[in-house]
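These are my notebook entries on a structure that I had not examined before. I record what I looked up, in the order in which I looked.

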Amino acid sequence: MKWDEFFVTGEPMIYGAMASIVLATIAIIVGLTYFKKWGYLWREWLTTVDHKRIGVMYILSALIMLFRGGVDAIMMRFQTAVPENKFLDAQHYNEIFTTHGLIMILFMAMPFIIGIMNVVVPLQIGARDVAFPRLNAISFWLFFAGAMLLNLSFVIGGSPDAGWSAYFPLASLEFSPTVGNNYYSLALQISGIGTLLTGINFIVTILKMRAPGMKLMRMPMFTWSSLITSVIIAFAFPVLTVALALMMFDRIFGSQFFTMSNGGMDMLWANLFWVWGHPEVYIVILPAFGIFSEIIATFSKKNLYGYTSMVVSMVVISLLSFLVWAHHFYTMGQGAMVNGFFSITTMAISVPTGVKIFNWLFTMRKGKITFTTPMLYSLAFIPIFTIGGVTGVMLAMASADYQYHNTMFLVAHFHYVLIPGTVFAVIAGFHYWFPKVFGFKLNERLGKHAFWWIAISFNVTFFPLFFLGLQGMTRRMYTYSEETGFGPLNLLSFAGALGLAFGFIILVYNIYYSIRYSPRETNGDPWDARTLEWATSSPIPAYNFAITPNVKGRDALWSAKHDNQPIFDGKIEPIHLPSNSGKPVILAGVFFVFGFALVFSWWIPAIISGIGILIVLATMSFDRDHGITVSVEEIIETEKKLRGETL
Amino acid sequence: MKKRGSLLVLFMSLVLLLSGCSSITVLDPKGPAARTLSDTILFSIAMMAGVLLVVYVLYVVFLVKYRGSKTKDDYMPPHEEGNKWLEAIWITIPIIIVAVLSVVTVQSTSTVEKVAAGYEDQKPLVVYASSSNWKWHFSYPEEGIETVNYLNIPVNRPIELRLYSFGPITSLWIPQLAGQKYAMSDMVNTLNLVADEQGSYLGRNSNFSGQGTAHMEFETLAMSPGAYSEWVEEVKTTASALDETEFKSLLATSYVGRKTFSSTHLTFSPAPGDHSDHMKHTDMENGNKEHQENKAEHPVPANPEETKFDAVPNVNPNEPLPQSPAEDSNSDIDHTSHDGK
């Protein structure tokens with residue numbers, strides 16, 4: 001292989017990206033060395049098995065990926081802002097929309113959600129950590145290795161360019177001869193294994209690690225949504241694992257599962273992809289519903305309306321999510337009967353979703369609503385998401401979909417669902433739980449500024465796309481002619497995208513500003529909230545709760561504050577915690593090398609690192625690790641320090 | 001919260017605007033299939049506007065009425081578990097809405113899959129529409145002519161487009177005449193449409209198929225039957241025939257302009273698993289059948305005489321064995337080799 005095939009060449013922007021990657025890496029290495037932080041980084045973060053720190057690392061990675069995916073989005077909107085724009089060529093545009101989709105769904109939305117789950121779920125159920133802390137670290141590092149592998153494709157070898165759905169035969173070696181789609185199959189596989197492990201971990205955590213008295217029907221709604229999401233993960237991700245493995249065989253080992261010859265079936269890929277892909281949508285949206293449920297209840301000063309129907313509706317959604325996949329390709333020609341079936345199952349999902357919308361509205365009724373930043377995002381979610389929901393019902397109608405399919409109408413719809421749904425939720429959750437993790441709030445004034453920019457610009461960006469779709473503009477078009485008349489609305493959409501970018505810049509600035517200037521909290525419950533995670537101090541001690549909570553109803557903290565039902569009525573006992581381990585990060589590193597070698601079909605390094613994976617796994621199996629025990633004295637000392645009492 | 005109110009007004013006015021607007025392609029149909037779809041879309045928008053209205057009214061009322069700044073400081077919101085009557089209402093009404101929309105969907109879907117009402121007794125004009133890297137081939141077996149990147153059709157006559165692809169999945173879409181359908185390499189999909197107004201309608205590939213997707217546009221010209229016959233005659237007399245060598249080089253070229261030929265590629269490169277005679281007797285309303293199912297029944301014919309198209313006029317029994325068009329030019333673009341060749 002020649003060097004100019006290895007590195008992506010010929011694009012000034014990519015040279016810029018290469019230079020910035022190299023400079024940033026040097027800066028990080030020099031900085032860590034200069035400030036003597038290598039040991040700190042290794043001890044406190046790289047080897048940690050603490051669910052809160054793993055959560056923070058997930059969220060930090062997600063924010064970085066949000067930046068990358070956002071830059072992709074701005075470039076796409078800029079390219080299509082005017083007819084016949086020459087900013088990007090077709091190949092570059094194709095790579096950008098492919099990575100935009102992959103990064104935003106798999107490396108931004110998912111890790112952000114999983115990060116919040118990591119921070120919050122064990123606290124909400126009164127646990128000391130997740131069921132399998134070290135597995136949790138493996139999950140994170142595998143996700144991280146996958147994310148880095150995909151991002152590396154941008155400068156080495158070329159990014160995947162067949163769309164995030166990578167339909168065959170387009171994604172086959174025959175029509176996509178670069179290594180881009182090899183990266184796709186391996187990066188998604190590695191991070192997908194991590195996600196699957198997370199799913200299993202959280203099912204066990206929520207079912208087995210709840211504090212005394214925390215019955216299933218007393219769990220906070222976010223924990224419920226995490227449980228259901230984890231179950232969906234456990235059922236959906238194996239399908240992706242198999243599909244990606246077959247894809248890898250097709251592309252690297254010359255098998256013919258999805259190709260055009262020797263009996264390959266291109267439609268099989270589409271089916272497998274969406275059998276995973278549609279539940280995936282609910283994997284990112286159900287926890288979002290959980291986050292909104294917590295926030296709306298807290299800032300309405302009222303318990304969640306219709307708790308039972310909220311739980312039941314999520315279970316129904318999770319079941320239906322596996323019965324709708326063919327609505328992604330009504331136009332494949334499977335006939336009116338099959339399409340009718342999938343139309344009905346798809347529209348049926350709107351019923352439980354509608355139940356949730358009404359329950360949120362009625363939670364606010366007779367409440368005492370305060371407009372904090374997290375509440376503003378939750379309030380904006382309801383009307384905007386409803387537009388996404390009703391256009392979803394319109395798309396579900398197979399006949400009408402013959403006119404919407406593959407158009408900007410579809411693009412508008414899923415952004416109207418995923419941005420107010422998932423993105424607003426994770427930002428709201430980020431603002432809401434930030435003081436829990438770090439002990440100070442994000443600045444409210446800047447937070448609200450960012451909110452208005454984001455909420456209004458979002459509509460300016462995506463509402464025009466509904467009309468572009470109905471005018472016949474299809475998705476993934478890198479250019480269009482003047483006569484099509486698509487120009488003005490695309491320009492408006494680009495203006496909106498700039499506004500969105502500005503909103504996110506304010507949001508990031510707010511993090512910096514608040515770290516410097518925000519007053520530090522002295523109590524663990526800054527929002528006057530309702531659930532257990534606010535019962536411990538902020539920042540949270542490693543063991544979460546000094547005394548194991550004793551739960552007597554829903555909204556345990558609210559009952560403790562108002563109905564005189566103490567949560568901590570036990571006594572302090574020694575606490576057993578898992579000890580740190582460097583093996584998860586080493587394992588992920590070896591996985592990364594393995595993936596990278598396979599992408600380029602470098603067999604010797606691939607075989608060596610493949611054996612390396614087995615060796616690391618084997619040493620893990622034979623590890624004798626009894627964890628650490630925190631003594632009663634240490635707990636008392638830590639608690640005093642956290643309450644600001646002098647020793 | 002002024003923004004929400006204005007959003008609502010905006011949406012409602014857009015709905016009103018949509019129903020009378022003709023600049024919106026999808027809602028400006030020029031044939032029965034597209035008209036059915038346009039009506040379905042407008043009906044669903046009206047229904048959904050009702051849903052939005054209910055949600056937005058409740059939302060605005062609750063937000064205005066129960067904001068913390070308006071309530072007394074000592075007001076303690078009540079504890080509410082839920083209300084089974086209210087919950088029954090917001091489960092029942094959506095179910096009714098979904099039921100209504102389901103009926104509309106199933107009806108309209110089977111309507112547009114079939115030949116349009118009133119045109120059933122006319123013999124449809126069969127046109128094979130196949131895509132190869134970033135161009136469209138339209139073969140008229142009945143007339144024995146072929147075009148590239150443009151489609152001429154007579155008005156008021158049912159057109160049966162048979163779609164397939166020489167490569168990645170594409171989707172043929174002429175929004176003013178009918179909804180889209182995929183063209184794939186290993187089966188033939190059928191798209192029924194009728195143009196009931198003369199005019200030029202833009203068609204395109206809507207499914208991403210690689211670098212040139214954005215350029216896969218073609219003009220559909222719906223002309224009077226007389227003008228159509230004249231055009232066919234003219235093509236037959238003036239255009240050159242399409243032979244296998246030329247077709248192969250055509251397939252290998254990424255972008256070409258319009259081209260016209262006085263013979264079709266179907267004679268030497270039949271559509272995948274073609275079983276057009278048989279199809280009429282199956283119960284598949286939209287006329288497509290899994291290619292895999294038919295492989296045993298309908299192996300690719302050993303010689304072209306066995307290939308039965310609808311009235312293929314110019315099959316030459318002395319021609320060599322049917323060969324995939326791209327076997328030489330592009331080693332693997334071969335939609336017949338999976339039959340074990």
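How many residue pairs are in polar contact between chain A and chain B? I found a count of 33 such pairs, both residues at pLDDT 80 or more. I note here that the model is a predicted one.

**Entry 1: the interface of the two chains**

I next looked up which parts of chain A face chain B. Helix α13 of chain A, residues 373-396, gives the largest share of that side, ten residues. By class, I recorded 54 nonpolar, 36 polar and eleven charged residues on the side of chain A that touches chain B.

I then took the contact as a whole. On the chain A side, 101 residues are in contact, and they meet 97 residues of chain B. Between them the two chains bury about 8400 Å², and 68% of this area is on carbon and sulfur atoms.

**Entry 2: salt bridges**

I searched the whole structure and obtained 25 salt bridges over all chains. Across the interface of chain A and chain B, the rule finds four.

I looked up two pairs by residue. Arg554(A) and Glu81(B) form a salt bridge, with their closest N and O atoms 3.0 Å apart. Glu80(B) forms a salt bridge with Lys366(A), and here the closest N and O atoms are 3.6 Å apart. Why does the pair of Glu80(B) and Lys366(A) join two chains? I traced Glu80(B) to the loop between α2 and α3 of chain B, and Lys366(A) to the loop between α12 (350-364) and α13 of chain A, so the pair links one chain to the other.

**Entry 3: the domains of chain B**

I turned to chain B alone. The domain assignment divides chain B into domain 1, which is 2-68 + 78-113, and domain 2, which is 125-339. Domain 1 gives 14 residues to the contact and domain 2 gives 15.

The two domains of chain B bury about 1100 Å² between them, with 49% of it on carbon and sulfur atoms. I asked which residues of domain 1 lose the most area to domain 2. They are Thr25(B), Lys30(B) and Glu113(B), which together account for 51% of what that side buries.

Between domain 1 and domain 2 of chain B I counted three salt bridges. I also looked up the pair Arg35(B) and Asp196(B), whose side chains meet in a salt bridge at 3.0 Å, N to O. Eight residue pairs are in polar contact across this interface of the two domains, both residues at pLDDT 80 or more.

On the domain 1 side, the elements that give two or more residues are α2 (32-65) and α3 (84-113) of chain B. Of that side, α2(B) supplies the largest share, five residues. I sorted the residues of the domain 1 side by class and recorded seven nonpolar, three polar and four charged.

**Entry 4: annotated domains**

Finally, I consulted the UniProt features. For chain A, an unreviewed UniProt entry places "domain: Cytochrome oxidase subunit I profile" at residues 36-552. Over this range chain A is 68% helix and 0% strand, and the end C-alpha atoms lie 48 Å apart.

For chain B, an unreviewed UniProt entry places "domain: Cytochrome oxidase subunit II copper A binding" at residues 122-234. Over residues 122-234 chain B is 9% helix and 50% strand, and the end C-alpha atoms are 24 Å apart.

Note on methods: Residues are numbered from 1 along each chain as its sequence is written. Chains are lettered from A and ligands numbered from 1 in the order in which they are written. This is a predicted model: local features need pLDDT of at least 70, side-chain atom pairs count only at pLDDT 80 or more; totals for chains, interfaces and linings use all residues. Side-chain values use heavy atoms; hydrogens and water are left out. Domain bounds come from an automatic or database domain assignment. Contact means heavy atoms within 4.5 Å. Buried area is the accessible area (1.4 Å probe) that two parts lose on being put together, summed over both. A polar contact is a pair of N or O atoms within 3.5 Å; within protein, one must be able to donate a hydrogen and the other to accept it, and residues adjacent in sequence count only if both atoms are side-chain atoms. Helices (H or I, at least four residues) and strands (E, at least two) are DSSP runs, numbered from the N terminus. Ala, Val, Leu, Ile, Met, Phe, Trp, Tyr, Cys and Pro count as nonpolar, Asp, Glu, Lys and Arg as charged, and the others, Gly among them, as polar. UniProt positions are given in the numbering used here, feature names are shortened, and annotations may be inferred rather than shown by experiment.
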